[in-house]
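This report describes the strands, cores and charged pairs of one protein chain. The sequence and coordinates are shown first, and the description follows.

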Amino acid sequence: MSVSKIVAAAASSAGSDSLDIDDVFSTFLYAGNDSTQTITNNIDLSNEGGLVWIKSRSDTQSHELVDTVRGNTKFIRTHSTTANRTSTSGDVTAFTSSGFSLGASSTAGVNNSGNEYVSWTWRKAPKYFDIVTYTGDNTAGRTISHSLESVPGMIWVKRTDSTEDWSVWHRNLETNSSGETTQLLKLNSSDGAFPPLASIDSSSSPVEDVRSATSTTFTVGNDNRVNANSATYVAYIFAHHNNDGEFGPSANQDIINCGTYTGAGSTDVDVTLGFEPQWIIIKKTSSNGNQWVILDNIRGTVTGGDDNFFYASLASSENTNDYLEFNSTGFRITGTSDDVASSGETYIYMAIRRGPLTKPTSASSVFEIDNAGSTGDGAAPKFRSTFPVDFALRKDTGSGNWEALTRLLQGTSLRPNDTSPEDTGSGGDQFDYMNGYNTGTTTDSSLYSWMWKRAPEYFDVVTYDGNGTAGRTINHNLGVVPEMMWIKNRGYDAGGGNGEGWFVYHKGLNGGTDPEDYGIRLDTNAAQVNDDLNGTAPTSTVFTVGNDRRVNALLEASINNTYIAYLFATVAGVSKVGSYTGNGTTDGSKVIDCGFSSGAKFVLIKRTDSTGNWAVFDSDRGIVAGNDSNLRINLSTAAETSIDYIDPDNSGFIVGVGTDSRTVTNINTGNYIFYAIAA
């Protein structure tokens, strides 16, 4: 461990805050309104400085980049050679300690009514991102100082006083025997790296653009793109981590990676980053004709479906294509487009990690309940939360199937109450909102949704393709040992709409003794069976599966055995995965202490040693000292509201409070598993 890392870790353990990815990067979506509005993305730009990149999703408006060094009135465009454009109409009116503000008049196209926008924000931080401005002197070999405190992975340079191409340096462009870079890229162009590889070798002279970079400087030639006499320039400098990042609660996690891969046409290519990305830019370098592609997980990078993307080198509106999938360790090129997958061609990329890196401290930041259109404002999203939703359960309290919906699979759904394979649905279940999901606007007080955000030690989602190998390990990013997992074969269809059932692992199965040797079904009321993942306990980084079709069957030409796994764990004061043995009482003496202070907002209970439904309770529908509204996750039937199943308790909840409830939550000597989330 480096000295700086030791110091940072010591500061963290002493109570000092260390930087999370959510402190230094944000993808934030908003609607233009031709009026003043404040974008709160929790990035401190006014004190720390940084870059904001704004693009209309719905129109061919320009990519607009504004930063704290040049000032909020100066804009440049990634797809254009134009110089600084000075705004006099109040496009970005201020950088704030929690984001930025927009003015009412938008000549730059950053706040026009009727347009949907994406903003990407980078905060300046050591070993992550820096901004430098300088004046050219036409001296080849000149060094420019920066404050990144590490060797950059990528540098973008733009002349700001006159028309000129962008110049891009990347750590994986070709170098000569002296370590000097012999190629360049242009951010505003579809051209590949220049000069072409065929015309250079180890003895070639360095380019007259960015030639090299160290932890304190970068060196430029005398081309007008980077160093014309008396010209002004801005340089955006991005770090590269390779097991030397200094972020997260222990100041030891990587958050940015600049690398390269070789396309393979119709064959998938796995790229390992050491983390799951949330944002990526990709460019083919070995030949001309392909644009710079940008994807992120908020607008939608979909497993097994089309991704929402932009071309950084064009002003075109957002488009869709099946380019790639994000996964726990990096990304997989799944499409065949020449933009990302030409066989034998070379590509460079920059990827930024998905956050957060720290566990939640309050349930409200990672869990929410809402019913359709509850705000009554007639606007999307239909189901509201205070965070971007990663996973949702949905059910009408009258009759109707349950639905499980996931950001990674957006636009599709699964049914927890049956074995059906994945349903592509109507496409309305989109997750590209900052405050919920679903494009609908109608009100329905009986249609509820329970919504989760992924966070360390609390909840994670993993997708994978089956390979039929027993003992296979699947990577995850929960950060602790999963205490409950739901696994579903998304694609298997034996005919007539039939699929495989939901497999559930829970640490309380078999009374907590060797629970990995047991399994239970989410879609039935059946008891646990000696039917395991693979007889191997999960760890803080992987879980192990066998070769059963429910968890890991081989992909076949006619049967698409693709999987999704939901991983849950206990976070003190936020969530609790546990078990208990019933005592058969009805006097309210069976208190299930979850370590909460204000009771439970959500409770899921299942008997394991005998048949019994998966009972779902929540405080929105009523966890009260009286009859409760009980939905059964394995049934499509209406809520049962005539029985007192559980009662509230500040520490968690109480079972055994009504004469009929014992068969559900507290039968004498019965074994139960549960999952609860704090109010």
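How many bridges join β42 to β43, and in which sense do the two strands run? Two bridges join them, and the strands run antiparallel. Within this pair, A615 stands opposite R632 in β43. The coordinates discussed here are those of a predicted model.

## Confidence

The chain has a mean pLDDT of 94, and 95% of its residues reach 70 or more. Residues 1-16 stay under 50 in pLDDT, and the model has 17 contacts beyond four places in sequence for them.

## The six-stranded sheet

Strands β42 and β43 belong to an open sheet of six strands, whose order is β39-β47-β41-β42-β43-β44 with antiparallel pairing. The edges are formed by β39 (575-581) and β44 (640-643), each of which pairs on one side only. On average, neighbouring strands of this sheet are turned by 30 degrees against each other, direction ignored.

A salt bridge involves one strand of this sheet: the side chains of D620 and K601 meet at 3.3 Å, N to O. D620 lies in the loop between β42 (615-618) and β43 (628-632), whereas K601 lies in strand β41 (residues 600-607); the pair links parts of the chain 19 residues apart. D620 counts as partly exposed at 37% relative accessibility, while K601 counts as buried at 17%.

## Covered strands

Strand β34 (residues 484-489) is mostly covered, with six of its six residues buried. Both of its faces are covered: M484, W486 and K488 are buried on one side, and M485, I487 and N489 on the other. β34 pairs in the antiparallel sense with strand β35 (residues 503-506) over four bridges, and I487 has F503 of β35 as its bridge partner. β34 also pairs in the antiparallel sense with strand β38 (residues 562-568), over six bridges; here N489 stands opposite Y563.

Strand β26 (residues 367-372) is likewise mostly covered, six of its six residues being buried. Its antiparallel pairing with strand β31 (residues 444-452) extends over six bridges, and the bridge partner of F367 in β31 is W452.

## Salt bridges

Side chains of opposite charge can pair when their charged atoms come close. The structure holds 36 salt bridges, including the three listed below.

| Pair | N to O distance | Relative accessible area |
|---|---|---|
| D161 and R159 | 2.8 Å | D161 39%, R159 13% |
| R454 and E276 | 2.7 Å | R454 3%, E276 5% |
| D620 and K601 | 3.3 Å | D620 37%, K601 17% |

In the first row, D161 is partly exposed, whereas R159 is buried. In the second row, R454 is buried, and E276 counts as buried as well. The side chains of R454 and E276 form their salt bridge at 2.7 Å, N to O. R454 lies in the loop between β31 and β32 (459-465) and E276 in the loop between β18 (269-272) and β19 (277-284), so this pair ties together parts that are 178 residues apart in sequence.

Salt bridges also link R57, D296, R299, E318 and D432 in a network.

## Surroundings of F326

F326 lies in strand β23 (residues 324-327). Its relative accessible area is 2%, and because buried means under 20%, F326 is classed as buried. Residues up to four places away in sequence aside, the contacts of F326 include E276 and D296; E276 is the salt-bridge partner of R454, and D296 belongs to the network of salt bridges. Among the other residues touched by F326 are P277, W279, I280, T303 and F331. F326 and L408 are 82 residues apart in sequence but 8.3 Å apart in space, C-alpha to C-alpha.

## Nonpolar cores

The largest nonpolar core has 76 residues, of which W122, Y128, W156, F218 and Y236 touch the most other members. Strand β16 (residues 232-239) supplies the largest share of this core, seven residues. Not counting residues up to four places away in sequence, Y236 touches nonpolar residues such as L51, L65, I76, F129 and W156, and also the charged residues D67, R70 and D130.

A second, separate core of 61 residues includes V461, L522, Y566 and Y580.

Notes: Residues are numbered from 1 along each chain as its sequence is written. This is a predicted model: local features need pLDDT of at least 70, side-chain atom pairs count only at pLDDT 80 or more; totals for chains, interfaces and linings use all residues. Side-chain values use heavy atoms; hydrogens and water are left out. Buried means under 20% relative accessible area, exposed over 50%, partly exposed in between (1.4 Å probe, protein chains only). Two strands pair if DSSP finds at least two bridges between them. A salt bridge is a side-chain nitrogen of Lys or Arg within 4 Å of a carboxyl oxygen of Asp or Glu. Contact means heavy atoms within 4.5 Å. pLDDT is the predictor's confidence in each residue, from 0 to 100. Axes are lines fitted to C-alpha atoms, for helices over the stretch in contact, and angles run from 0 to 180 degrees between N-to-C directions. A nonpolar core is a set of buried Ala, Val, Leu, Ile, Met, Phe, Trp, Tyr and Cys residues joined through side-chain atoms within 4.5 Å.
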